[in-house]
Amino acid sequence: MKEVGKIWMNGKLVPFKDAKVHVLTHALHYSTAVFEGIRCYNTPRGSAIFRLPEHVDRLFKSAKMYSMKMQFSKDQITDGIIKTVKASGLKECYIRPLAYYGYGTMGLTPTPNKVDVSIACWEWKLGESKAGKLTGARCKISSWLRIDSRSQPMQAKAASNYANAALARVEALNNGYDEAIMLNYHGKITEGSAENIFVIRNGEIFTPPLTSGILEGITRDSAIQILAANGQNVIERELDRDDLYSADEIFMTGTAAEVKSVSQVDDIIIGDGKIGMTTKQLQKSFMDVAMGKDERFVHWLKYI
């Protein structure tokens, strides 16, 4: 990772290399942290952060589910994000706000410890999200089940949830695939390791409901709203593995992934194995929105 600019630590911008935590930080041992992934795009009108208020709202919602007493307001976090991006000098970047139980009392109970907050950003490269943008991603149904709200609050974007996702991602990569698709305890489709999933069949678009145990993705919501504005309705319903195998198109959405195509699930080729027409159109529509070229959604951009 290229170290540029500074990192916001509890209200202060510190040099990138000096943004450190104690080895006994509670979150490091017990995964008691929540976070967000946010994109800043270099638009023709300047750098703009995509759906910033929604991301900040979700960060605080996640913190509440983990009984975190935030020492900063939403306005302060929003201001911190903007300052961090400006300090980086980057026109386009990935932004990572993180709230975590810090160093103090060790033991399973986190609440005696202060909740620390950091905000970092870095240059975004296509990297892992390349598969699905230029060619369709090859996905594997994971042997690891997606944990659900009977175990942890799945509407929180919590670090602990991503240990489950990391197992699925690594398994898929080790088996020669690009991404994992996870099932819940009822055998229903949930999402990828870090993306929501959509299935297109006979001209209809389907996506699993929140009750399947998925994260309420902000890019997922963006895709649904963009599709609706373009006259295409998305139906939320539970999906089976068979729905993937018989799909005409499959695409995934996420902050990092944006909109990416799926060309294969297990050993089944989806459609003709190429990026489908609906997916391709949505990819263009999404980038038009992110670049400020679609006036219908310009309110999603916070120019800095």
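How many helices and strands does the protein have? The legends below start with that overview and then move to close-up views of a predicted model.

**Figure 1. The whole chain, with seven helices and 17 strands**. Let's begin with the full predicted model. A compact globule of 304 residues would have a radius of gyration near 19 Å, and the protein agrees with this at 19 Å. Along the principal axes, the C-alpha atoms occupy a box of roughly 55 × 45 × 30 Å. Buried residues account for 54% of the 304 residues. If we take contacts between residues at least 6 apart in sequence, 70% of them join residues at least 24 apart.

**Figure 2. The surface and the charged side chains of the protein**. Here we stay with the whole protein for a moment. Its accessible surface is about 13,900 Å², and carbon and sulfur atoms contribute 52% of that area. There are 39 positive and 34 negative side chains, with 7 Å between the centres of the two sets.

**Figure 3. Trp 8 and Phe 72, one of nine aromatic pairs in the structure**. The two ring centres lie 5.0 Å apart and the planes meet at 65°, so this pair counts as edge-to-face, a class that needs an angle over 60 degrees. The pair brings together distant parts of the chain, with the two positions 64 residues apart in sequence numbering. Trp 8 belongs to strand β1 (residues 6–9), while Phe 72 sits in the loop between α2 (52–65) and α3 (74–88). Are these two residues buried or exposed? Both Trp 8 and Phe 72 are buried.

**Figure 4. Phe 50 and Phe 286, an edge-to-face pair within an aromatic cluster**. In this view the rings are 5.5 Å apart, centre to centre, with 65° between their planes. Which elements does the pair link? Phe 50 comes from strand β5 (residues 46–50) and Phe 286 from helix α7 (residues 277–290), and the two are 236 residues apart. Phe 50 and Phe 286 are both buried. Take a wider look around them and you will find a cluster, in which ring pairs link Tyr 41, Phe 50, Phe 286, Phe 297 and Trp 300.

**Figure 5. Ala 19 and the residues it touches**. Ala 19 lies in the loop between β2 (12–15) and α1 (26–30). Its relative accessibility is 25%, so it counts as partly exposed, the class between 20% and 50%. Leaving aside residues up to four places away in sequence, Ala 19 touches Ile 7, Met 9 and Val 14. For Ile 7, the separation from Ala 19 is twelve residues in sequence and 6.5 Å in space, C-alpha to C-alpha.

**Figure 6. Asn 10, a residue with positive phi that is not a glycine**. The backbone is the thing to look at here. Asn 10 has a phi of about 50°, and its place is the loop between β1 and β2. With a relative accessible area of 28%, Asn 10 is partly exposed.

**Figure 7. Asp 266, a buried residue with positive phi**. In the last view, phi is about 55° at Asp 266, although this residue is not a glycine. Asp 266 is found in the loop between β15 (258–265) and β16 (268–269). Why does Asp 266 count as buried? Its relative accessibility is 13%, and buried means under 20%, so Asp 266 falls in that class.

Definitions and conventions. Residues numbered from 1 in each chain as written. Predicted model: local features only at pLDDT ≥ 70, side-chain atom pairs only at ≥ 80, totals over all residues. Heavy atoms only, no water. Helix = DSSP H or I, 4+ residues; strand = E, 2+ residues; numbered from the N terminus. Rg over C-alpha atoms; globule rule 2.2 N^0.38 Å. Buried < 20%, exposed > 50% of the residue type's maximum accessible area, 1.4 Å probe, protein only. Contact = heavy atoms within 4.5 Å. Areas by Shrake-Rupley, 256 points an atom, 1.4 Å probe, with all protein chains shown as cover. Lys, Arg positive; Asp, Glu negative; His and termini not counted. Charge placed at Lys NZ, Arg CZ, Asp CG, Glu CD. Phe/Tyr/Trp six-rings, centres within 6.5 Å; stacked < 30°, edge-to-face > 60°.
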